[in-house]
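The following exercises are to be worked with the sequence and the three-dimensional structure at hand. Each task is followed by a solution in steps.

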Amino acid sequence: MTDVAARDGFSAALSAYRDLERWLFDAALPLWSTVGTDRVNGGFFEKIDRRGAPVEEPRRTRVVGRQIYAYATGGRINWQGPATEIVTHGLDYFFRCCLATDGTVVMSSRPTGEVVDGRFDLYDHAFALFGLAAAHRLTPDRRLVETAERMRTRMREGWGHPSRGFEESVPRTLPLKANPHMHVFEAALAWIEALDGRDADGWYALADEIAELCLDRFIDPKTGALREFFDGEWNPIDGEDGRLVEPGHQSEWAWLLYRWGWMRGDDRARTAAARLVDIAEDHGTDPERGITFNELWDDLSVRNLDARLWPQTERIKAWLARARDESDPVRRDHAFRRVALASDGLKKYLEADVNGAWNERMKPDGTFLDEPSPASSLYHITCAIAEMHDVLAMPR
């Protein structure tokens with residue numbers, strides 16, 4: 001573990017980054033680019049089991065988008081492996097098996113081209129857009145820009161909510177959900193970055209729409225916490241689901257709102273983001289295990305102490321953004337120390353039977369479930385390490 005107390009916050013965070021980068025470059029990306037990649041039929045396997053063998057399941061478009069992102073980003077942050085080749089492999093599968101003729105994406109498919117589930121899903125749509133943005137950022141390609149713009153237009157025309165955001169289906173089904181909107185927001189910001197802000201008016205408009213929806217409706221004005229499920233008018237639904245607060249999503253939305261707030265000069269977003277970081281840390285993090293757990297109630301009391309891997313990566317990203325936003329050196333040092341502590345939490349999950357794989361779910365007693373490693377988590381891990389690279393390792 002990082003000796004956080006023995007050094008200044010930045011140095012502790014930088015040391016943690018070096019450890020995680022080494023694991024990503026030397027173990028994870030090589031494992032998932034070989035065992036986790038279907039070189040015979042195309043695409044990516046959904047899981048690797050605890051013996052190190054791939055698990056065959058229908059290929060979800062969200063995972064295709066995430067794996068494209070992971071390898072494009074690995075290449076961007078100087079992984080020396082075959083990043084461009086793996087991204088091309090993923091794009092070939094995406095265009096062949098995932099993209100429908102009307103500009104939407106299917107939920108899941110098989111390498112034969114068979115559609116397993118062709119329904120519209122905002123979550124899958126978001127990650128397809130996100131993966132295309134990362135691919136374009138690595139190797140600019142006008143086809144990717146045009147495809148993403150067509151997908152964005154179709155998404156708006158087919159599933160736009162009457163006021164803001166998107167429906168889950170047409171005809172309407174409820175509840176409406178914050179989480180897929182978060183990833184649409186993430187994809188819009190990724191495209192703005194991939195285009196360097198040029199010819200990006202449509203992406204700016206989409207990011208602005210989701211940010212304002214979050215600030216106005218998703219975040220509870222009384223507590224500052226972000227809820228998950230809403231009725232058709234963007235009010236929290238009745239019942240227990242309407243009271244759900246996920247610490248990991250507090251961190252993830254904070255990271256996005258900070259970025260949008262800096263981009264748009266919006267102090268309201270930065271203030272809301274700071275509160276979300278505090279909620280996740282003060283109410284959603286277990287000091288005994290050193291990890292962020294799954295669920296709170298809307299009064300910020302504990303609902304579920306199980307802890308998945310991904311909230312640990314979002315905790316890292318949120319505190320990196322907090323450090324960037326702090327002008328006071330003492331508070332900035334505190335934020336970097338939290339980055340190091342969050343990294344220590346993540347490392348616990350990476351002590352797996354297969355080097356480069358991970359444990360996905362921790363029980364309240366600190367042990368892990370015996371289950372395969374899902375490919376979907378490589379995106380979370382890579383994103384956190386890439387943020388550490390950009391904040392800690394880039395020339396200052």
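## Exercise 1: Helix 3

Task: compare the expected span of helix 3 (residues 83-98) with the distance between its end C-alpha atoms.

Solution. Helices (H or I, at least four residues) and strands (E, at least two) are DSSP runs, numbered from the N terminus. The expected span is 1.5 Å times one less than the number of residues. For the 16 residues of helix 3 this gives 22 Å, and the end C-alpha atoms are 21 Å apart, so the two values agree.

The model is predicted: local features need pLDDT of at least 70, side-chain atom pairs count only at pLDDT 80 or more, and totals for chains, interfaces and linings use all residues. Residues are numbered from 1 along each chain as its sequence is written, and side-chain values use heavy atoms, with hydrogens and water left out.

Task: which residues of helix 3 are buried, and which elements do they pack against?

Solution. Buried means under 20% relative accessible area, exposed over 50%, and partly exposed in between (1.4 Å probe, protein chains only). In helix 3 the buried residues are Ala83, Ile86, Val87, His89, Gly90, Leu91, Tyr93, Phe94, Cys97 and Cys98. Contact means heavy atoms within 4.5 Å. The buried residues pack against helix 1 (9-34), strand 3 (59-60), helix 2 (61-76), strand 4 (108-109), helix 4 (122-138) and helix 5 (142-159).

## Exercise 2: Two sheets

Task: give the strand order of the open sheet that has strand 14, and state why one side of each edge strand is left without a neighbour.

Solution. Two strands pair if DSSP finds at least two bridges between them. The order of this three-stranded open sheet is 2-1-14, with antiparallel pairing. Strand 2 (54-55) and strand 14 (373-374) stand at the edges; each has a single partner strand, so one side of each lacks a neighbour in the sheet. Strand 1 (residues 47-48) pairs with strand 14 over two bridges in the antiparallel sense, and lysine 47 has proline 374 of strand 14 as its bridge partner.

Task: describe the open sheet that contains strand 4 in the same way.

Solution. Its three strands lie in the order 3-4-5, and the pairing is antiparallel. Strand 3 and strand 5 (115-117) are the edge strands, each pairing on one side only. Strand 4 is joined to strand 5 by two bridges, and serine 108 stands opposite aspartate 117 in strand 5.

## Exercise 3: Pockets and a cavity

Task: what are the volume and the lining of the largest pocket?

Solution. On a 1 Å grid over the protein atoms alone, a cavity is a set of points where a 1.4 Å probe fits but cannot get out; a pocket is an open set with protein on both sides within 12 Å along at least five of seven lines, and lining residues have an atom within 4 Å of a point. Grid points are joined across faces, edges and corners, and a volume is the space filled by probe spheres set on the points.

The largest pocket has a volume of about 630 Å³. It is lined by 29 residues, of which Tyr123, Asn179, His249, Arg308 and Trp310 are the closest to its centre. Helix 6 gives the largest share of this lining, five residues. For the classes, Ala, Val, Leu, Ile, Met, Phe, Trp, Tyr, Cys and Pro count as nonpolar, Asp, Glu, Lys and Arg as charged, and the others, Gly among them, as polar. The lining of the largest pocket has nine nonpolar, eight polar and twelve charged residues.

Task: give the volume and the classes for the second largest pocket.

Solution. The second largest pocket holds about 500 Å³ of space. Of its 24 lining residues, Arg137, Glu193, Arg259, Glu387 and Asp390 are the closest to the centre. The lining divides into 16 nonpolar, one polar and seven charged residues.

Task: which residues line the largest cavity?

Solution. The volume of the largest cavity is about 50 Å³. Its lining consists of Ile48, Asp49, Arg50, Ala352, Asp353, Val354, Ala357, Trp358, Asn359, Glu371 and Ser373. By class, five are nonpolar, two polar and four charged.

## Exercise 4: Two residues

Task: is methionine 155 buried or exposed?

Solution. Methionine 155 lies in helix 5. Its relative accessibility is 0%, so methionine 155 counts as buried. Not counting residues up to four places away in sequence, methionine 155 touches Phe120, Leu122, His125, Leu129, Gly160, Phe166, Val184 and Leu206.

Task: is aspartate 38 buried or exposed?

Solution. Aspartate 38 is placed in the loop between helix 1 and strand 1. At 4% relative accessibility, aspartate 38 counts as buried. With residues up to four places away in sequence not counted, aspartate 38 touches Gly43, Phe44, Phe45, Arg59, His89 and Pro111.
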